[in-house]
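Please open the structure in your viewer and keep the sequence panel beside it. The tour below goes from one selection to the next and says what is there at each stop.

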Amino acid sequence: MSDLHTLLPRDRHDFERVNDLKNIDQLDLIKLIPELLEWLQDINCPIAIEISKLLLTVPQETIPYIRNVIAGEDDIWKEWCLRYFVMELPTELLQSLQEDIERIAYRPTKGEELEEVQTTAQELLK
């Protein structure tokens, strides 16, 4: 596993490593999901959108980690995960997050309200 970590992007502009990740074995990519998902904490990071697209190649395996973000307290990270990952999921996978999305849409925390995460959740429910 430590060898796999050498494949992770080293900085905000490391498109070379992101492109290399597109060619690794899917099982290896799945092992890197937690670290890759962290790049979605700041969607303004140049490689964040590309990493989001990369995670969408293993959507089912990424969903449990998305659930952890949604259950956490980093409300802007929730927003970016909903907007740039969850919104792109096929309908059948979106259903697996239905309860989480409904909770944010209709019973948001104060932080989620401040970051307007409930608005994105409501968009997902349409």
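Is Ala-105 buried or exposed? With a relative accessibility of 5%, Ala-105 counts as buried, because the limit for that class is under 20%. Please keep in mind throughout that this is a predicted model.

**First stop: Ala-105 and its surroundings**

Select Ala-105, which you will find in helix α9, the helix that covers residues 98-106. If you then show its contacts while leaving out neighbours within four places in sequence, Gln-118, Ala-121, Gln-122 and Leu-125 should appear. Of these partners, take Gln-122 next: Ala-105 and Gln-122 are 17 residues apart in sequence, yet their C-alpha atoms are 5.1 Å apart in space.

**Second stop: α9 against α11**

Now widen the selection to the two helices. Two packed helices are described by the angle between their axes and the distance between the axes. For α9 and α11 the angle is about 130 degrees, and the axes are 7 Å apart. The two helices are therefore classed as oblique to each other, and their crossing is left-handed. On the α9 side, select Gln-98, Ile-101, Glu-102, Ile-104, Ala-105 and Tyr-106, and on the α11 side Val-117, Gln-118, Ala-121, Gln-122, Leu-124 and Leu-125, since these residues make the contact. If you colour this set by residue class, you will see eight nonpolar, three polar and one charged.

**Third stop: α7 against α11**

Keep α11 (residues 117-125) on display and add α7 (residues 75-84), whose axis comes within 9 Å of that of α11 and crosses it at roughly 20 degrees. An angle under 35 degrees counts as roughly parallel, so α7 and α11 are described in that way. This crossing, too, is left-handed. The residues to select are Asp-75, Lys-78, Glu-79, Leu-82 and Arg-83 on α7, together with Val-117, Thr-120, Ala-121, Glu-123 and Leu-124 on α11. Coloured by class, the contact of α7 with α11 divides into four nonpolar, one polar and five charged residues.

**Fourth stop: Glu-79 and Arg-83**

Within α7, centre the view on Glu-79, which counts as buried at 7% relative accessibility. Residues up to four places away in sequence aside, Glu-79 touches Glu-115, Glu-116, Val-117 and Thr-120. Next add Arg-83, which forms a salt bridge with Glu-79, the closest N and O atoms being 3.0 Å apart. Both residues lie in α7, where a spacing of four residues places them about one turn of the helix apart. Arg-83 counts as partly exposed, with a relative accessibility of 25%, whereas Glu-79 is buried.

From Glu-79, step across to Glu-116, one of the residues that Glu-79 touches. Glu-116 lies in the loop between α10 and α11, and its backbone deserves a careful look: although Glu-116 is not a glycine, its phi is positive, at about 60 degrees.

**Fifth stop: a network of salt bridges**

Select Asp-75, Lys-78, Arg-103 and Glu-112 together, as these residues are linked in a network of salt bridges. Within this group, zoom in on Glu-112 and Lys-78, whose side chains meet at 2.7 Å, N to O. This pair links distant parts of the chain, with Glu-112 in helix α10 (residues 110-114) and Lys-78 in helix α7, 34 residues apart. Both Glu-112 and Lys-78 are buried. Over the model as a whole, the count of salt bridges comes to 11.

**Sixth stop: Glu-50 and Lys-53**

For another salt bridge, move to Glu-50 and Lys-53, where the closest N and O atoms are 3.4 Å apart. Because these residues are three places apart in helix α5 (residues 48-55), they are separated by about one helical turn. Glu-50 is partly exposed, with a relative accessible area of 22%, and Lys-53 is partly exposed as well, at 48%.

**Last stop: Glu-35**

Finish at Glu-35 in helix α4, which runs over residues 33-37. At 24% relative accessibility, Glu-35 counts as partly exposed. Setting aside residues up to four places away in sequence, Glu-35 touches His-5 and Leu-8. Glu-35 and His-5 are 30 residues apart in sequence, while the C-alpha to C-alpha distance between them is 8.8 Å.

Methods: Residues are numbered from 1 along each chain as its sequence is written. This is a predicted model: local features need pLDDT of at least 70, side-chain atom pairs count only at pLDDT 80 or more; totals for chains, interfaces and linings use all residues. Side-chain values use heavy atoms; hydrogens and water are left out. Axes are lines fitted to C-alpha atoms, for helices over the stretch in contact, and angles run from 0 to 180 degrees between N-to-C directions. Angles under 35 degrees count as roughly parallel, over 145 as roughly antiparallel, 65 to 115 as roughly perpendicular and the rest as oblique. A crossing is left-handed if the near helix is turned anticlockwise from the far one by less than a right angle, and right-handed if clockwise. Contact means heavy atoms within 4.5 Å. Ala, Val, Leu, Ile, Met, Phe, Trp, Tyr, Cys and Pro count as nonpolar, Asp, Glu, Lys and Arg as charged, and the others, Gly among them, as polar. A salt bridge is a side-chain nitrogen of Lys or Arg within 4 Å of a carboxyl oxygen of Asp or Glu. Buried means under 20% relative accessible area, exposed over 50%, partly exposed in between (1.4 Å probe, protein chains only).
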